[in-house]
Amino acid sequence: MRPSQEALDLLYAIGDELQDGPLTVGTMFRSPGLRTGSKIVAFLGSGDYLIVKLPEARAQELIAAGTAGPVTMGKRTMREWVEVPSAADPGATALQWTALTREALEYVRSLPG
C-alpha cells in the first residue's frame, strides 16, 4: 500500500522545516523519504508510517513505550530504525513526525562517513 497524499505532503513539509543544511527529498527503498548527502534519515512506509533512523537505545525506548514499532527488512530487524504510525489527529502526527525526523537528522549527521 502506498503512502497517502497527506503523509506525502507532511514529509515534504518536514523537509522544508528542517532545511538547515543539505537535506533532500527523494526515493528510498521505492518510497518517498529524506536524506542528507548519501545518508537516509527517514522515509514513508506503507500504511502511513514514518520510518526514522535513531540511535539504537532511543529506538528501543520508543518501541518499549509503544510509540513506535521495529522495522524488519526481509528476516532482519533493523536495530536503528523504527516505524511510527500516523496519529488520528493530523496536528499530533505533524508534531511527532517532525520531532523524530529532527532527532534522526541530528543522529545521521553525527555518523562518520
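In the predicted model, Leu50 contacts residues that lie well apart from it in the sequence. Once neighbours within four places in sequence are set aside, the contacts of Leu50 are Leu11, Ala42, Phe43, Leu44, Val82, Glu83, Val84, Trp97 and Thr101.

Leu50 also belongs to the largest nonpolar core, which comprises 23 residues. Within this core, the residues that touch the most other members are Val41, Leu50, Val52, Leu54, Val82 and Trp97. Two or more core residues are supplied by each of H1, strand E3 (39-45), strand E4 (49-53), helix H2 (56-65), strand E6 (76-85) and H3. Of these elements, H3 gives the most, with five residues. A second core, separate from this one, has seven residues, among them Ile40, Ile51, Met78 and Trp81. In soluble globular proteins, nonpolar side chains tend to be buried together.

Two of the helices that contribute to the largest core, H1 and H3, also pack against each other. The axes of helix H1 (residues 5-17) and helix H3 (residues 90-110) are 10 Å apart and form an angle of about 50 degrees. H1 is therefore oblique to H3, and the crossing of the two helices is right-handed. On the H1 side, the contact is formed by Ala7, Leu10, Ile14 and Glu17; H3 contributes Thr93, Ala94, Trp97, Thr98, Thr101 and Arg102. Classified by residue type, this contact consists of five nonpolar, three polar and two charged residues. Trp97 and Thr101, both part of the contact between H1 and H3, are also among the residues in contact with Leu50.

Methods: Residues numbered from 1 in each chain as written. Predicted model: local features only at pLDDT ≥ 70, side-chain atom pairs only at ≥ 80, totals over all residues. Heavy atoms only, no water. Axes fitted to C-alpha atoms, helices over the stretch in contact; angles between N-to-C directions. Helix = DSSP H or I, 4+ residues; strand = E, 2+ residues; numbered from the N terminus. Parallel < 35°, antiparallel > 145°, perpendicular 65-115°, else oblique. Left-handed = near helix turned anticlockwise from the far one by under 90°. Contact = heavy atoms within 4.5 Å. Nonpolar A, V, L, I, M, F, W, Y, C, P; charged D, E, K, R; others polar. Core = buried A, V, L, I, M, F, W, Y, C linked by side-chain atoms within 4.5 Å. Buried < 20%, exposed > 50% of the residue type's maximum accessible area, 1.4 Å probe, protein only.
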